[in-house]
Amino acid sequence: MQSKPMKQYLRVDEVAEYFCISVRTVYRLIDEGELKRTKIRGCLRIPLWEIARYEKELGKQIECI
């Protein structure tokens with residue numbers, strides 16, 4: 001039996017759950033250009049590499065405090 005491939009793109013609600021923030025906040029981050037997204041057949045998705053990049057950026061901001 002073949003194992004299911006790991007997701008490469010997450011839905012907005014999945015990103016919100018991952019960061020423990022609201023869906024509205026995720027849309028705000030996208031609108032403000034802080035979080036990049038793509039559309040697949042009209043559906044908004046955030047690539048895993050973008051989530052990793054944003055997380056790293058958040059870590060830098062915390063270190064500066």
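C20 counts as exposed in this predicted model, with a relative accessibility of 68%. Its place is in the loop between helices α1 and α2. The backbone at this point deserves a second look, since most residues other than glycine have a negative phi. In C20, by contrast, phi is near 55°, a positive value in a residue other than glycine.

On either side of that loop are two helices that pack against each other: α1, formed by residues 12-19, and α2, formed by residues 23-31. Two packed helices are described by the angle between their axes and the distance between the axes. For α1 and α2, the angle is about 105° and the axes lie 8 Å apart. Because angles from 65 to 115 degrees count as roughly perpendicular, α1 is roughly perpendicular to α2.

The contact itself can be followed residue by residue. From α1, the participants are V12, D13, V15 and A16, and they meet V23, V26 and Y27 of α2. Sorted by character, the residues of this contact comprise six nonpolar, no polar and one charged. The charged one is D13 of α1, as Asp belongs to the charged class.

A positive phi also turns up in a loop between two strands. R41 lies between β2 (38-40) and β3 (43-47), and its phi is about 50° although R41 is not a glycine. With a relative accessible area of 85%, R41 is exposed, as the cut-off for that class is over 50%. C20, at 68%, is likewise counted as exposed.

How values were computed: Residues are numbered from 1 along each chain as its sequence is written. This is a predicted model: local features need pLDDT of at least 70, side-chain atom pairs count only at pLDDT 80 or more; totals for chains, interfaces and linings use all residues. Side-chain values use heavy atoms; hydrogens and water are left out. Axes are lines fitted to C-alpha atoms, for helices over the stretch in contact, and angles run from 0 to 180 degrees between N-to-C directions. Helices (H or I, at least four residues) and strands (E, at least two) are DSSP runs, numbered from the N terminus. Angles under 35 degrees count as roughly parallel, over 145 as roughly antiparallel, 65 to 115 as roughly perpendicular and the rest as oblique. Contact means heavy atoms within 4.5 Å. Buried means under 20% relative accessible area, exposed over 50%, partly exposed in between (1.4 Å probe, protein chains only).
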